[in-house]
Amino acid sequence: AWQPCTPDSLHNFYATWYHPDMQAVIVVGDVDVDRTEAKIKEIFSIIPKCENPQPKEHLTMPDHADPYVGVITDPETTNPSIEMIWHSEAAPEIYNSTIIGPTNDLIKVLVQLVMQERFADIVSKSDSPYLAASLSVGSLNYEDIDAVTGGVALKEDNIMGGFKAFYTELERMKRFGFGDDEVNRAKQQIVTIFENEVKKAPTRRNAEFVRPLISHFFDNDSFMEPETELQVVNQILAQVNAQILSMVAGQLLTDNNLIVLYSGPEKEGIATPTEEQLLAAVAEVKASDIQPMEGEEIASDFLDPSLLKGSKSKKAKKTIFDATEWTLKNGVKVIVLPTDYTKDQILFDLYKDGGRSLIPTEDIASFDENIFGLYLNNTGVSGFSGTQVSKMLTGKTRSVTPYITGLDHGTS
């Protein structure tokens, strides 16, 4: 890709686009504002103004009624995958600093979160027709072109079956939209994120201000304090229900401007689909009878707290950092250290000596970090599956993770 580049071409690119009217200087920190501003003017004012600057070209993609299809194979590609892209002209940036901007952004995130949950439910099952799937609503690597992009990682022995199953989920979304429970969970996830930003606001580092300010300058995005942003988010989400989100979702996958791209390994035993097969699969799914999502009962508690029984500690003493150490009747030691280092955070660690040193040699391969990590990502708690646990914890900032190292193991 770099072979065509020459010193002249790089210099011309720099001269064309790197000039003062396309630059911004952002300073964040405990500085003398007047002195810093004067120094910036002194340094940057010597840069000559660009005479007859080249206008910035706004790229577009022409509309097309029939899908564009591409099939790409490469010996270095590891897994077959398919992307479905619906492109459209982006909304003008002038709206970004109005209520339209954050409203559109939140609606996009809501759609992505609901579909993320649906795909997680599917791939968590042993008979999942594909390895992974996603749906994103954003831009096509360029700010003037919006895109709804669906991606699926496929199994080598079920490429077309997995693709049809994936597209069926997108069509299900388009036809029937979303249910109240899954939309409310997505909304709660968003609110929790912004609530956490408010909690962290007093301890923000200077670098955390830079990216939002750059977006404000270049993309006309609003720059708000976390408290104000949370208020705006709550006001918008209060007006967005499942019915409204379903109407939006139904308009995302248009009948035109579709691009289908297959990428897969170039090796024996792989049934690489043809363009005709991909188009036929799209037509088949669009003509198929698809049923709406079935409702799901989500438990609210993992256990009944009234069933837990404790006992008085055997002894207590003060230890390092003024922590309190309790020794329970069964010999377990509990060390408690109250702090105000981080607000609204409680950390715990239950550990015991041993770790992998206790595992029989014939079983040690099962505890390889990659295998054990994969297990943790897909396991649940007690009788609840991993996806059920995720839904039960919606809006809650908490996690429990078992671990095992060379010489100890536990839960944190």
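This is a dialogue about a predicted model of a protein chain and the terms used to describe it.

Reader: How do you know that the protein chain departs from a compact globule?

Author: A compact globule of 412 residues would have a radius of gyration near 22 Å, whereas the protein chain has 27 Å. The C-alpha trace spans about 80 × 65 × 50 Å along its principal axes.

Reader: What makes up the secondary structure of the protein chain?

Author: The secondary structure comes to 11 helices and 11 strands.

Reader: Why are β3 and β4 called paired strands, and in which sense do they run?

Author: Two strands pair if at least two bridges are found between them. β3 and β4 are joined over 9 bridges in the antiparallel sense, so by the rule of at least two bridges they count as a pair. Ala132 stands opposite Ala153 in β4.

Reader: What makes β1 and β3 edge strands?

Author: The open sheet of 5 strands has the order β1-β5-β2-β4-β3, with mixed pairing. β1 (68-74) and β3 each pair on one side only, and they are therefore the edge strands. From one strand to the next, the twist averages 15 degrees.

Reader: Which helices lie against this sheet, and how are they directed relative to β3?

Author: α3 lies across β3 and β4 and runs at about 175 degrees to β3. Angles run from 0 to 180 degrees between N-to-C directions, so a value of about 175 degrees means that α3 and β3 point in nearly opposite directions. Helix α4 (residues 159-176) also packs on the sheet, touching β2, β3, β4 and β5 (258-265). The direction of α4 makes about 45 degrees with that of β3.

Reader: Why is one side of β9 and of β10 left without a neighbour in the sheet?

Author: The open sheet of 3 strands has the order β9-β11-β10, with antiparallel pairing. β9 (350-353) and β10 (402-404) stand at its edges with a single partner strand each, so one side of each has no neighbour in the sheet. The twist here averages 10 degrees from one strand to the next.

Reader: How do you know that β9 and β11 pair?

Author: At least two bridges are required for a pair. β9 and strand β11 (residues 408-411) have 4 bridges in the antiparallel sense, so the requirement of at least two is met. Lys352 has His409 in β11 as its bridge partner.

Reader: What joins β7 to β8, and what do the two strands form?

Author: Strand β7 (residues 324-327) and strand β8 (residues 333-336) run antiparallel and are joined by 4 bridges. They form a hairpin with 5 residues between them. Gly331 in the turn has a positive phi of about 95 degrees. Trp326 stands opposite Val334 in β8.

Reader: How much space lies in the second largest pocket, and which residues are closest to its centre?

Author: The second largest pocket holds about 1200 Å³ of space. It is lined by 40 residues, and the closest to its centre are Asn96, Gly101, Asn104, Asp105 and Lys108.

Reader: Which element supplies the largest share of the lining of the second largest pocket, and what kinds of residue does the lining hold?

Author: α3 supplies the largest share, 10 residues. Elements supplying at least two residues each include β2 (81-89), α5 (180-200) and α7 (226-237). The lining divides into 21 nonpolar, 10 polar and 9 charged residues.

How values were computed
Residues numbered from 1 in each chain as written. Predicted model: local features only at pLDDT ≥ 70, side-chain atom pairs only at ≥ 80, totals over all residues. Heavy atoms only, no water. 1 Å grid on protein atoms, 1.4 Å probe; cavity = no way out; pocket = protein on both sides within 12 Å on 5 of 7 lines; lining within 4 Å. Points joined across faces, edges and corners; volume = space filled by probe spheres on them. Nonpolar A, V, L, I, M, F, W, Y, C, P; charged D, E, K, R; others polar. Contact = heavy atoms within 4.5 Å. Rg over C-alpha atoms; globule rule 2.2 N^0.38 Å.
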